[in-house]
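Thank you all for coming. I would like to take you slowly through one structure today, beginning at the ligand and then moving outward to the helices and loops.

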Amino acid sequence: MTTEVTLRDVLDDDLPIFFEQQNDPIANEMAAFPAREREAFMAHWAKNLRNPNAIHKTILYNGEIAGNIVGFDMEGQREVGYWLGREFWGKGIASKALAEFLKYETTRPLHGVTIKHNIGSQQVLKKCGFEYERQENDELFFVLNA
Ligand SMILES: CC(C)(COP(=O)(O)OP(=O)(O)OC[C@H]1O[C@@H](n2cnc3c(N)ncnc32)[C@H](O)[C@@H]1OP(=O)(O)O)[C@@H](O)C(=O)NCCC(=O)NCCS
């Protein structure tokens with residue numbers, strides 16, 4: 001058994017697991033991001049996976065699907081996003097996954113946005129070299145320049 005954090009391309013079979021992982025009130029509160037209904041979630045992912053300009057990876061931990069990490073264009077900027085199932089939190093997985101993801105997602109500057117109270121996500125960004133940029137309302141903006 002491997003305890004390595006690895007990334008691979010997203011498979012259709014991953015989507016029901018991603019759905020359950022985002023359909024979690026505690027995670028939704030942490031990220032200040034509401035859960036999508038199943039149909040909307042599947043349509044959102046199907047559309048995103050067809051977008052050749054976006055990068056989507058499944059995060060594996062011990063061979064289990066721990067979550068996903070994505071790079072995409074948002075309002076003219078390149079942004080990274082990630083989401084883990086709750087049972088995978090607090091093991092350093094997101095930090096390792098983001099460090100690995102930066103080998104695939106090479107756009108710079110690369111932006112990360114978190115709600116002010118999402119300390120975990122801010123720590124993940126900082127550990128991977130992102131610098132605090134600014135606050136707008138309740139959102140904190142981070143950037144990786146190199
Ligand atoms: C945010 C999230 C990705 C963090 O994942 P994780 O694998 O638990 O993060 P790590 O274990 O790599 O932790 C990185 C650092 O943040 C700290 N941290 C993690 N969660 C924390 C929390 N809830 N409160 C305070 N610190 C936290 C860790 O202690 C660690 O710090 P250290 O290296 O100094 O010890 C995960 O909780 C998650 O998926 N949440 C729901 C979705 C979400 O918020 N996505 C991001 C939206 S911007």
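Let us start where an oxygen atom of the ligand lies 2.7 Å from a polar backbone atom of Gly-90, and please keep in mind throughout that what you see is a predicted model. The backbone takes part a second time at Ala-94, where a polar atom is 2.9 Å from an oxygen atom of the ligand. With Asn-118 it is the side chain that is involved, since one of its N or O atoms is 2.8 Å from a ligand oxygen atom. As for cover, the ligand taken alone would expose 920 Å², and the protein buries 72% of that area.

Which elements give two or more residues to the shell around the ligand? They are the helices α2, covering 25-31, α4, covering 93-104, and α5, covering 119-127, together with the strands β4 at 77-84 and β5 at 110-115. The most is given by α5, which supplies six residues. Altogether 22 residues surround the ligand, and the closest of them are Leu-84, Gly-90, Gly-92, Ser-95 and Lys-127. If we sort this shell by class, we find 12 nonpolar residues, eight polar ones and two charged ones.

Two of the helices just named, α4 and α5, also meet each other, for their axes come within 9 Å and cross at roughly 40°. An angle between 35 and 65 degrees is neither roughly parallel nor roughly perpendicular, and α4 and α5 are therefore oblique to each other. As to hand, the crossing in which α4 passes α5 is right-handed.

A second pair to look at is α1, residues 15-22, and α3, whose axes come within 10 Å and cross at roughly 125°. That angle makes α1 oblique to α3, and this crossing, too, is right-handed.

Let me finish with two details of the backbone, both of which sit in loops. As background, most residues other than glycine have a negative phi, and most peptide bonds are trans. Where, then, is the place of Ala-32? Ala-32 belongs to the loop between α2 and α3, the latter being residues 38-49, and its phi is near 55°, a positive value in a residue that is not glycine. The other detail is the peptide bond running from Arg-108 to Pro-109, which is cis, with omega near 0°; Pro-109 itself is found in the loop that lies between α4 and β5.

Terms used
Residues numbered from 1 in each chain as written. Predicted model: local features only at pLDDT ≥ 70, side-chain atom pairs only at ≥ 80, totals over all residues. Heavy atoms only, no water. Near = heavy atom within 4 Å. Polar contact = N/O pair within 3.5 Å; in protein donor to acceptor, adjacent residues only side chain to side chain. Areas by Shrake-Rupley, 256 points an atom, 1.4 Å probe, with all protein chains shown as cover. Helix = DSSP H or I, 4+ residues; strand = E, 2+ residues; numbered from the N terminus. Nonpolar A, V, L, I, M, F, W, Y, C, P; charged D, E, K, R; others polar. Axes fitted to C-alpha atoms, helices over the stretch in contact; angles between N-to-C directions. Parallel < 35°, antiparallel > 145°, perpendicular 65-115°, else oblique. Left-handed = near helix turned anticlockwise from the far one by under 90°.
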